Amino acid sequence: MRQARLRADCARPGARYHLSMVRAYDVVAVEKKWRERWATEGTYEVDADDPRPPWYVLTMYPYPSGPAHMGHVRNYTFGDLLVRHRTMLGHAVLSPFGFDSFGLPAENAAIRTGMHPRTFTDARIAELKESITALGAVYDWRREVRSHDPSYIRWTQLIFLRLLAAGLAYRANAPVNWCPGCQTVLANEQVLADGTCERSGDVVVKRDLEQWFFRITDYADELLAGLDDLDWPERVKTMQRNWIGRSEGAEMDLPVEGRDGSDGRPPLVLRVFTTRPDTAFGMTYAVLAPEHPLVDEVTTPAQRAAVEELRARAAAASDIERTSESGGASALEKRGAFTGASVVNPFTGTAVPLYVADYVLMGYGTGAIMAVPAEDARDWDFAQAHGLPVIRTVRPPEGWDEHGGPDGGPGGAYTGTGEKINSAWLDGLDVVTAKRRAIEWLEAEGKGSRKVNYRLRDWLVSRQRFWGCPIPVVTCETHGIVPVPESELPVLAPDDVEFRPTGESPLATHAGFLNTTCPICGGAARRETDTMDTFVDSSWYFLRFCDPWSTDRPFDPDVVAHWMPVDQYIGGIEHAILHLLYARFFMKALGDVGLAPAELREPFARLFTQGMIRMDGSKMSKSRGNLVAPSAYLATVGADALRLFHLAVGPPADDVDWTAQTDSIIDGCARFLDRVWRLGADEVDGEAARRTGAETEDDVAIRRATHRLIDRVTRDYERWSYNTAVAACRELVNTLVPYCADPHAGVLGDAVDTLLLLLAPMVPHVTAELWERRHGDDIHLRAWPVSDPALSAEQVVTMVVQVNGKVRDRLDVPPDIDEAAAEALALASPRVEDVLGGVAPRRVIVKPPKLVNVVV
RNA sequence: GCCCGGGUGGCGGAAUGGCAGACGCGAUGGACUCAAAAUCCAUUGUCCGAAAGGGCGUGCGGGUUCGAGUCCCGCCCCGGGCACCA
């Protein structure tokens, strides 16, 4: 092996990477050997009756888009490292893998090529599986799941039916987001802030359609409260909190003037939601959303034309136009029209004008507001534009009207705290108290009540696509919507389908699929042609992984209770809201319908979001066409070096820039592994005969360095600081190489063994090979090393001596030196005496054993 | 506009309020070689100095402290999220 000279040119045409180094060992052969070993020996297959304590590591299952790219490599390297590390720590580690295999790309490919999405998808899965395995990532492949597998579809459909039975799934007509590119509706979560589709980038339009929803809003409070106890990145939790958007306030009724019922017409009241009931005395007008059902009713003939024009414009405008044209500070762009009607302020009995304006949204609260320009910036802008009065109900800070505004200009709405004014019986109170009193008054008078509102909407799950899990219901002429009996699941899409360029789902026109019979009466019925959002599949796959063999239910709750929650979940920040919120909802809902353990409320105890790979300033992705294929690296430097690169380059949570320098850094990783190889295989050039017997001072220093390394690396693994763990290992190697000139056999052997154990989770192949040569057994079944405190403790430390905060001397001292000795030693330093020049210290700060600071 | 991150050598990055720049990449010089590759050794923030040594340095301006990359206040720049949610 010493003579092995691998001239590894990059064989693939177009690959960027070219290795010109001569390697110390046959990387490709070694890595292949161990990959096969792990697979045939089932090293990482575990069962629920394993006596070791369970530990569940999960990396988000991928959409199978073909061979792995660098983002996958990075992702699965972190996950695999944890699996191997936890195993060495003595856990039974559940490490499953699967594929999120429903989705639009396969259907688009079918439209393009005529190939059935299943054929296409299975081919992509084979490629991805192959390249993930080539990284040396280990999984319990017996547990593999694929969303599109009939044995998975069956349970996804059963879950749907149970949710339907529990009232957590329902069908409703609603204004929905329609993506013309994807030819389907989207959930709110799948529409980006600029009003485009997160998948296709097309501008999403509003349509009224009958759709299926999951009642996620029933869980809004629990989804919010549950976040507090999760060991997740704060930023992800904040994003979920904002998305749920809980706000407390009150609803109250504003009687429409002249519509008290005395003229025979039914009485008319306008219900509004506000978070600031304390400001009601400052209401100077009210506003309806353009889509509000009362608009027609209240608009006077004189105003009808203007109101109609506004509504037409609002309806035509997409959300982007509506926000971009009128967003921002400019008051004049707030578009609205007077209805001609007035509403009565229940607090004052005063009538104020009622407007229609597009800055009020039908989808939130009641779609109508009381407007208080003095204490709301949007109302202020609108009031300015329409010449409406302002009544302050909170005393603004001194000088607010002169310089309280932006850039010290004139102040506008004041939304802060302060003393209530102009508010009758609320005057003199603070805002919080006034808010409470106002609500109490509303409830006592029967004019309103406390109300909590959420930004969160129910989850729209139906998709007008073919390549998804069919929704298992039929529509019967007499019985309406009827669930398919559970015994008849799964409902599978037919194979003999034709994909049209229009993008229309073939299910909608396939007579054999469409025509069926009603499970209740046996009469003619029509199948539901919508399929489920693929986020439904990914909302429970981690539960199926626990018990993928279950044939009578999706999974055994007891087995799930054994493994769940996932101890460490790893994935991209892009799922901060979508997948992670849906999966949390599913965990709660499945518990409540009796499928999952009821007490298991949260699926993922810890979450880590790794950084993405950027190239030329943008995310490396297939759609941007800037992928760097790992294959060229795997065939040359090998998986270990590529893994090491991702671990060493920086903190795992940070983004990585793929630059012209990157290949050199990867070469450096390969170089390091070569050095480890030479140490482990006793091939260090010029290595002398090894001593035995008594250990010298230098030998003990190596022992100490080895044990300190155990402490450092162990701590770094715990805090996800792999870059510093790698750096620490490199330091030891840098120390060991010169030490090999005159090594003590036992000391060197222990040092190298320790190094291999610490590196094993990071670079599993090369460490396994060296360990086998040295000891004959499998390093990955060995225990994680533990340091000897007597050896890992520092023997001498460098004490810094400062004069006025500037370092003037460094002294070697024992780590347990006391204050008096440290001070005496510092003051006796010739260099310190020199700088002091006879001046007596004014004060001496002593922090043994690290520092003495002499102040003059 | 609001809410989070972040700004440290040529580059990626280290640093429980206590030696700024660990480790690596790149660069420079040297050993080995006919030569190259690989390998090994040394140097590498910046300025002054032959050297010893010293000055200056963590986006900018203040502050707290014996001592600040780290804590506080006010800015600037970069990245991300949210954005008429009443």
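This note covers one sheet with its packed helix, and one histidine, in a predicted model.

1. The sheet is open and holds 4 strands, arranged in the order β29-β28-β31-β30, with mixed pairing. The edge positions are taken by β29 (806-813) and β30 (843-847); each has a single partner strand, so one side of each is left without a neighbour in the sheet. On average, and with direction ignored, neighbouring strands here are turned by 15 degrees against each other.

2. Within this order, β28 (residues 797-803) pairs with β31 (residues 851-855) in the parallel sense, over 4 bridges. One residue pair can be named for orientation in the model: Val-801 has Val-852 of β31 as its bridge partner.

3. Helix α27 (residues 819-828) packs on the sheet and touches β28, β29, β30 and β31. The direction of α27 makes about 125 degrees with that of β30.

4. A separate point concerns His-69, which sits in the loop between β1 (54-59) and α2 (70-88). Is His-69 buried or exposed? His-69 counts as buried, because its relative accessibility is 19% and the cut-off for buried is under 20%.

5. Two sets of neighbours can be listed for His-69. A polar atom of the His-69 side chain lies 3.0 Å from the backbone nitrogen of Gly-71. When neighbours within four places in sequence are left aside, His-69 is in contact with Leu-627, Val-628 and Pro-630.

Definitions and conventions
Residues are numbered from 1 along each chain as its sequence is written. Chains are lettered from A and ligands numbered from 1 in the order in which they are written. This is a predicted model: local features need pLDDT of at least 70, side-chain atom pairs count only at pLDDT 80 or more; totals for chains, interfaces and linings use all residues. Side-chain values use heavy atoms; hydrogens and water are left out. Two strands pair if DSSP finds at least two bridges between them. Helices (H or I, at least four residues) and strands (E, at least two) are DSSP runs, numbered from the N terminus. Axes are lines fitted to C-alpha atoms, for helices over the stretch in contact, and angles run from 0 to 180 degrees between N-to-C directions. Contact means heavy atoms within 4.5 Å. Buried means under 20% relative accessible area, exposed over 50%, partly exposed in between (1.4 Å probe, protein chains only). A polar contact is a pair of N or O atoms within 3.5 Å; within protein, one must be able to donate a hydrogen and the other to accept it, and residues adjacent in sequence count only if both atoms are side-chain atoms.
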